Amino acid sequence: MSGASADGGGGDGAGGTPRPLRALLVEWVFAKQVPAGVGFLRALGTALFVVLLTQAVTGMLLALCYVPSPDHAYNSVRFIDHEVKSTLGGHEIAVGRLVRGLHHWGAGAVIVLAFLHLLRTFFTGAYKRPRALLWVLGVALFGVLLGFGFTGYLLPWDMKAFWATDVGMTIVATVPEVGPALADLLRGGPELGAPTLTRMFALHVLILPALLIPLAGLHLLLVHRLGITPPGARVGAPEVKGAPFFPDHVVRELLVAAAALGVVGFLAWKLGAPLEAPASRELGEYEPRPEWYFLGLFQLLKLEWFQGDRVWYATALLPGAVGALLLLLPWLDRGKERSASQRPIATTLGVLAVAGVVGMTAWGFWETKDDPKRPPPPYVPVGDLAYVPPSSPPFAPPTDATAGGGTPAVPADPASARAEALLAESGCVDCHTLRGEGDSSGAGGPELRGLADGHDAAWYAAFLLNPKQFKPDIDMPSAADLELADADRFAIAEWLAANARK
Ligand code: HEC
């Protein structure tokens, strides 16, 4: 018995037309039943849902003023904090500051509530049959929420945003095999810069919501279908739902949601959202650290044992194992007992895991707290004024030259890189050296970089067409012999002239 009576109010008594809205309300609210004895702990999910809805609304409002570009992101955030105001009944209200504060503290509340909701579900054994899929969806949703936190963090483009994301990307890059490529993909290049901001913004406002909405929708639908697990009920025992959902449990849910929103609203009103100096690659005294819910992981990395070759134990193996264990939990633990006291092993492991996470996070807080108080961020003019955002190198796939360790870096500009690639492809380096490498045939042609008595590009183009015309005895093939296309010959000639000694 699911507690929902589908047709309880579907038709209108005296054979009138059905009222779909009324039917829906009856099914989802008025006729619904919950097990007797459910308390406030079973209202955490609803509170999380309500805070997430507020995040959506405040996020949409912020997007009205925010500019996702390194030149303007910081200024647009400062504009939201200081200029977006409204007067209500003679009082001036810093609406922008309040909305950004709500979004900032709301993000923290989302992680806390999701964590508590997960703990409640774990310790009450509510992940067991028939709610395995519900649990798996929940774990996936937790991952999506962490993604929201990580991607949102960069958007204010202040020092904290920039360096916390840099720390995060470094952690991503330590994952064996896929890590470096994944970090490059997220950053949009080998270094954090303008493309990273674009990607984090796109993930935060388009891609993650597109994942969140269907996952959360399915999660809610299953909650409605299966109802709340009766406290302590064994798997397979009939789930008796004898207490009305409305108003008792609805009131509990609204109270918990109101309490969460109250705390978020209070912090937003009192503290606003933090904003440090605008992002810069000049670190100075600044100590990079991640956002608070990655502090535990960050603290783990500081342990001697996890350094060097073992860093990926902490960055990939441990989080991966925890994620996999959580996802597979309903199949790993097939016991029929739900109550925590009847499941000593699961309960002990759970308590140890929570103690580990909370302990590491608290330790991380403690360490960062010990730092000398940093001075307030200086007011730096941003935008069309003096501020120069951190440079972002163009993204080029790594070439053979960069892949081989120790060889000098390939020039940053694409034309040069292309010309150097042509020197290799056309066989020039069979007889010549390039940066000291090549000349496999031992023909002894000169080093192509820094040629003596430098000529102009037109001269080199003509020389390459027919070297014998210039040096009758030369043992160097013509462009036709080398099957060198004109465009490539000109590109090489330009490069030779640009790199020749004057
Ligand atoms: C079969 C061997 C061979 C190949 C292939 C070859 N070269 Fe040469 N190149 C030579 C030799 C030998 C010289 C003359 C060295 C000397 O005179 O001391 C030379 C000379 C040159 C010079 C010097 C001209 C000057 O007077 O400053 C340039 C420039 C040059 N090569 C460019 C190229 C480029 C570009 C390619 C590829 C498209 C190429 N070479 C392919 C053998 C080769």
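Let's start with E483, which counts as exposed because its relative accessibility is 77% or, rather, let me read the right row: 73%. E483 sits in the loop between α18 and α19, the latter covering residues 486-499. What is the sign of phi at E483? Phi is positive there, about 55°, although E483 is not a glycine. For context, most residues other than glycine have a negative phi, and most peptide bonds are trans.A second residue of this kind is E177, where phi is near 65°, again positive in a residue other than glycine. E177 is placed in the loop between α6 and α7, with α7 running over residues 179-187. With a relative accessibility of 77%, E177 counts as exposed. Please keep in mind, friends, that this is a predicted model.

Now to the peptide bonds. R129 and P130 are joined by a cis peptide bond, with omega about 5°. P130 belongs to the loop between α4 and α5. Another cis bond runs from F246 to P247, and its omega is near 0°. Where does P247 lie? P247 is in helix α9, residues 245-271.

Let me step back to the whole chain for a moment. The protein chain holds 19 helices and 6 strands. Of its 502 residues, 39% are buried. Taking contacts with a separation of 6 or more, 72% of them are between residues 24 or more positions apart.

On to the iron, which I know many of you were waiting for. Which protein residues donate to the iron atom of the ligand? They are H432, through NE2, and M476, through SD, and these donors lie 1.9 to 2.1 Å from the iron. The iron has 6 donor atoms around it, and because the angles they subtend run from 87 to 180°, the arrangement is octahedral. H432 comes from the loop between α15 (428-431) and β5 (433-434), while M476 comes from the loop between α17 (467-470) and α18 (479-482), so the pair ties together parts that are 44 residues apart in sequence. Are these two residues buried or exposed? Both H432 and M476 are buried.

Next, a helix pair. Two packed helices are described by the angle between their axes and the distance between the axes. For α5 (residues 132-154) and α6 (residues 159-173), the axes come within 7 Å and cross at roughly 135°. That crossing makes α5 oblique to α6. On the α5 side, the contact is made by F150, Y153 and L154. The α6 side brings K160, A161, F162, A164, T165, G168 and M169. By type, the residues of this contact are 7 nonpolar, 2 polar and 1 charged.

Finally, have a look at helix α3, residues 73-82. How many of its 10 residues are buried? The count is 7, so we can call α3 mostly covered. The buried residues of α3 are A73, Y74, S76, V77, R78, I80 and D81. They pack against three helices: α2 (44-63), α4 (95-123) and α8 (194-226).

Thanks, everyone.

Note on methods: Residues numbered from 1 in each chain as written. Predicted model: local features only at pLDDT ≥ 70, side-chain atom pairs only at ≥ 80, totals over all residues. Heavy atoms only, no water. Donors = N, O, S within 2.8 Å, 3.2 Å for Na, K, Ca; no water. Tetrahedral: all angles 85-135°; square planar, octahedral: opposite > 155°, others 65-115°. Helix = DSSP H or I, 4+ residues; strand = E, 2+ residues; numbered from the N terminus. Buried < 20%, exposed > 50% of the residue type's maximum accessible area, 1.4 Å probe, protein only. Axes fitted to C-alpha atoms, helices over the stretch in contact; angles between N-to-C directions. Parallel < 35°, antiparallel > 145°, perpendicular 65-115°, else oblique. Contact = heavy atoms within 4.5 Å. Nonpolar A, V, L, I, M, F, W, Y, C, P; charged D, E, K, R; others polar.
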